[in-house]
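Reader: I keep meeting labels such as "salt bridge" and "exposed". Could you show me how they are earned?

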Amino acid sequence: MHVRAVDPRDTAWEHDDATYRAYFWDRSRAASDEYEVTGADVEEVLAWSRARAEQTGSAYTLYVRVAEGGETGLVRLSGVAGDPFA
């Protein structure tokens, strides 16, 4: 982990409401279930994702959905990185 001081004026925008994507990986079936989550903060979504993964016996990846240059993308926040079926 690397930590450095930053100038908060280096960003052009911020949002208070995030849209999350949670992917639950069932490695035995090589399949996944995907959900979009809104109206919650990251701690609530992390708790829900971890509990659901434990209940279903799956691994999970949690992303925040972002738009950049007119395209939608995902930034991983927690969970499995890379191809979960590799």
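Author: Here we take some labels one at a time and set each value against its definition. This is a predicted model, in which local features need pLDDT of at least 70 and side-chain atom pairs count only at pLDDT 80 or more, while totals for chains, interfaces and linings use all residues. Residues are numbered from 1 along each chain as its sequence is written, and side-chain values use heavy atoms, with hydrogens and water left out.

Reader: Why is the meeting of Glu36 and Arg21 called a salt bridge?

Author: The term asks for a side-chain nitrogen of Lys or Arg within 4 Å of a carboxyl oxygen of Asp or Glu. Between the side chains of Glu36 and Arg21 the N to O distance is 2.8 Å, so the pair fits the rule. In total, the rule gives four salt bridges.

Reader: What makes Glu36 and Arg21 a link between distant parts of the chain?

Author: Glu36 sits in strand β2 (residues 31–37) and Arg21 in strand β1 (residues 19–26), 15 residues apart. Strands here are DSSP runs of E with at least two residues, and they are numbered from the N terminus.

Reader: How do you know that Glu36 also has a salt bridge with Arg65?

Author: Their closest N and O atoms are 3.2 Å apart, so this pair passes the same test. Glu36 lies in strand β2 and Arg65 in strand β3 (residues 59–68), so the salt bridge ties together parts 29 residues apart in sequence. Arg21, Glu36 and Arg65 are thus linked in a network of salt bridges.

Reader: Are those three residues buried, exposed or partly exposed, and what are the values?

Author: Buried means under 20% relative accessible area, exposed over 50%, and partly exposed in between (1.4 Å probe, protein chains only). Glu36 has 43% and is partly exposed. Arg21, with 24%, is partly exposed, and Arg65, with 33%, is partly exposed too.

Reader: What makes Arg29 exposed, and what is Asp26 called?

Author: Arg29 has 53% relative accessibility, so it counts as exposed. Asp26 has 23%, so it counts as partly exposed. Arg29 and Asp26 form a salt bridge, with their closest N and O atoms 2.8 Å apart.

Reader: Which other partners does Asp26 have?

Author: Asp26 is found in strand β1. Leaving aside neighbours within four places in sequence, Asp26 is in contact (heavy atoms within 4.5 Å) with Ala31, Ser58 and Phe85. The C-alpha atoms of Asp26 and Gly57 are separated by 7.7 Å, although these residues are 31 residues apart along the chain.

Reader: How do you know that β1 and β3 pair?

Author: Two strands pair if DSSP finds at least two bridges between them. β1 and β3 have seven, in the antiparallel sense, so they qualify. One example is Arg21, whose bridge partner in β3 is Tyr63. β3 is also joined by eight bridges to strand β4 (residues 71–79), and these two run antiparallel. There, Thr61 has Gly79 in β4 as its bridge partner.

Reader: Which residue takes a positive phi in the hairpin of β3 and β4?

Author: Gly69 does, with a phi near 60°, and the hairpin has two residues between the strands. Ala30 has a positive phi of about 50° although it is not a glycine. Ala30 lies in the loop between β1 and β2, and with a relative accessible area of 53% Ala30 is exposed.

Technical notes. Helix = DSSP H or I, 4+ residues; strand = E, 2+ residues; numbered from the N terminus.
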